[in-house]
Number of protein chains: 4
Amino acid sequence: MTEAKANPLSDFPVVVTLPLQWGDQDAFGHVNNTVPIRWFESARVAYLEQSELSKMMQSGGLGPILASVTCNYRRQLHYPDRVSIGARIAKIGRSSMIMEHVVYSEELDAVAADGTSTVVVFDYETNRPTRISDEIRKAFESLEGRVIGGASA
Amino acid sequence: MTEAKANPLSDFPVVVTLPLQWGDQDAFGHVNNTVPIRWFESARVAYLEQSELSKMMQSGGLGPILASVTCNYRRQLHYPDRVSIGARIAKIGRSSMIMEHVVYSEELDAVAADGTSTVVVFDYETNRPTRISDEIRKAFESLEGRVIGGASA
Amino acid sequence: MTEAKANPLSDFPVVVTLPLQWGDQDAFGHVNNTVPIRWFESARVAYLEQSELSKMMQSGGLGPILASVTCNYRRQLHYPDRVSIGARIAKIGRSSMIMEHVVYSEELDAVAADGTSTVVVFDYETNRPTRISDEIRKAFESLEGRVIGGASA
Amino acid sequence: MTEAKANPLSDFPVVVTLPLQWGDQDAFGHVNNTVPIRWFESARVAYLEQSELSKMMQSGGLGPILASVTCNYRRQLHYPDRVSIGARIAKIGRSSMIMEHVVYSEELDAVAADGTSTVVVFDYETNRPTRISDEIRKAFESLEGRVIGGASA
């Protein structure tokens, strides 16, 4: 009896799908390490748009600032391929949130990379990080379909 | 009476379709001028694969070398959008061919950029450009569905 | 008797010098064709800053828009190397100018690429190209140290 | 009495210095988050070359593989600026090492980003990670001018 393989993107409310471009590859002949970081950004932007956070932030003079990123390169990617990049929020802290990402490769039928983005909500009037309001938190939880736990910052 | 708009990609045997990524934009807030050049490359590579030129070349120790590129930026592109990039061969010369490209934007319903790639067929044994054989020319004409005229080089 | 080699950058009033980065190389193991286009941009921006065109334009609600680019790839570049990219204005037309570029490689001691940028001066109030004023033309001629001929557009 | 500011690059045996390019900036008007990841790569490659690891590895059929990367974005960078990127080895494990990076901005006179690269030494014959030999460890310690502690992997 074979066991069904779990879909690595099933817990991600936002998924962006892209074909590799030949030029994403570097002199080692596989996708360069900066490329998944660009994909994380694409998934992060799509997430912020779909959660309506972008609109809320703009009307309140707030903006998301990327504080840090991490990426684990699990498999080498080669052209041609198509990847799907997921974004979900793992934790929400006082003024920042931790987003998780996976990159799924169709050719490999496997997770090729995963990682995190830490995003700070910044108030451009006071020029400082600001508290993530209950309204913003609820917009995220509505998109995620679940209650999101807290982070330390 | 309205006239039907011609499909700008209808004469292109190879078309690659890609979503814009947010990060394709530069500090002017629109897609950076290097990005269509990357798209031309993606369409060029797809063309060479589909025409089986890649295989023919590899078996004969030949390779395509990009001699020059031109690009006209006709419209500014903004995220989000989806573009289709066409590639077709306009002329075949003794050892080079001129490929034409258009970039069609779904959001604008217009050609956002067009241009050319001049590709030289290079022989890695003699370390020189080599004559484009009748076999290679026929592979192109078969993909294009038409006879291709000559270029001066 | 050996003849002195002419400096290919001697006629360029603005030159930007950059080290290659390893990641500028693609799967062919040499610098990707989009990279010189990025270098042209860097030289173009430096030119517009040094000619004070940027300031003049901003105060008048004008901006430079890239209409087209051409690039000839003359030599393959490999990491490590250092390149110098020149920019000069070849012709000034009614509302556009043609800038010329060369990329000189220290390792090859040769021009690795050359090309052109066509830049249109755009008026953001009328949303159209605008005439290049005598003041702007003089700023360019002062930087070039010569009279610049006319282009057709 | 003023206190001397410590040089944030003083503990880094390998430093790469680069000018920003205008096109490194994204639609937020500051350097895009993928760019420091590219800079880390440039410093990492320079480190591996200067430590002669590249040569040792090639002769033994070994290669460095990037397993993961982390980056903290501490300050926003704007064109024009010049950055220096340091690389040093913090820990060496059985088959991997952790490299640390800082990006110092001349304009800001501050660390704009820092982070780590985890590099695995891979044996292309057995297709597996391989033990970091005493010879390789000594080459690193010679470059660093100090004894390097152990990591868990």
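Biologist: What makes S3(B) and strand S7 of chain B count as paired, and in which sense do they run, parallel or antiparallel?

Modeller: Happy to start there, with the reminder that this is a predicted model. S3(B) and S7(B), residues 149-150, share 2 bridges and run in the parallel sense. Two strands pair if there are at least two bridges between them, so S3(B) and S7(B) with their 2 bridges qualify. In S7(B), Gly150(B) is the bridge partner of Ile92(B).

Biologist: And which sense applies to S3(B) and strand S4 of chain B?

Modeller: The antiparallel sense, with 9 bridges between S3(B) and S4(B), residues 96-105. A hairpin of 3 residues links S3(B) to S4(B). Within that pair, Ile85(B) faces Val103(B) in S4(B).

Biologist: What does strand S1 of chain B do with S3(B)?

Modeller: S1(B), residues 14-19, runs antiparallel to S3(B), residues 82-92, and 6 bridges join them. Ile85(B) appears here too, as the bridge partner of Val16(B).

Biologist: Let's turn to the helices. Why are H1(B) and H1(C) called roughly antiparallel?

Modeller: Their packing angle is about 165°, and their axes are 9 Å apart. Angles over 145 degrees count as roughly antiparallel, and H1(B) and H1(C) therefore earn that description. Their crossing is right-handed.

Biologist: Which residues meet where H1(B) packs on H1(C)?

Modeller: Thr34(B), Ile37(B) and Arg38(B) meet Thr34(C), Ile37(C) and Arg38(C). By class, this contact has 2 nonpolar, 2 polar and 2 charged residues.

Biologist: Now for whole chains. How do you know that chain A and chain D are related as by a two-fold rotation axis?

Modeller: Chain A superposes on chain D, with an RMSD of 0.0 Å, after a rotation of 180° and 0.0 Å of shift along the axis. The two copies are thus related as by a two-fold axis. In chain A, Thr70(A) has the C-alpha nearest that axis, 2.1 Å away.

Biologist: Why do you say that chain A and chain D meet through the same surface?

Modeller: Because 100% of the interface residues of chain A are also interface residues in chain D. The contact itself involves 13 residues of chain A and 13 residues of chain D. On the side of chain A, H1 (34-50) and S2 (62-73) each supply at least two residues. S2(A) has the largest share, 8 residues. That side has 6 nonpolar, 5 polar and 2 charged residues.

Biologist: What makes S2(A) and S2(D) a strand pair across the two chains?

Modeller: S2(A) and S2(D) are joined by 5 bridges in the antiparallel sense. At least two bridges are needed for a pair, so the 5 bridges of S2(A) and S2(D) meet that cut-off. Across the pair, Val69(A) is opposite Cys71(D).

Biologist: How many residues does each chain bring to the contact of chain A with chain B?

Modeller: Chain A brings 9 residues and chain B brings 9 residues. On the side of chain A, S1 (14-19) and H1 each give two or more, and H1(A) gives the most, with 4 residues. This side of chain A has 4 nonpolar, 3 polar and 2 charged residues.

Biologist: What turn and shift lay chain A on chain B?

Modeller: A turn of 180° with a shift of 0.0 Å along the axis, giving an RMSD of 0.0 Å. Leu18(A) is the residue of chain A that comes closest to the rotation axis, its C-alpha at 3.5 Å. The same surface serves both copies here, with 100% of the contact residues of chain A recurring in chain B.

Terms used
Residues numbered from 1 in each chain as written. Chains lettered and ligands numbered in written order. Predicted model: local features only at pLDDT ≥ 70, side-chain atom pairs only at ≥ 80, totals over all residues. Contact = placed C-beta atoms within 7 Å. Nonpolar A, V, L, I, M, F, W, Y, C, P; charged D, E, K, R; others polar. Least-squares fit on C-alpha atoms with pLDDT ≥ 70 in both. Axes fitted to C-alpha atoms, helices over the stretch in contact; angles between N-to-C directions. Parallel < 35°, antiparallel > 145°, perpendicular 65-115°, else oblique. Left-handed = near helix turned anticlockwise from the far one by under 90°.
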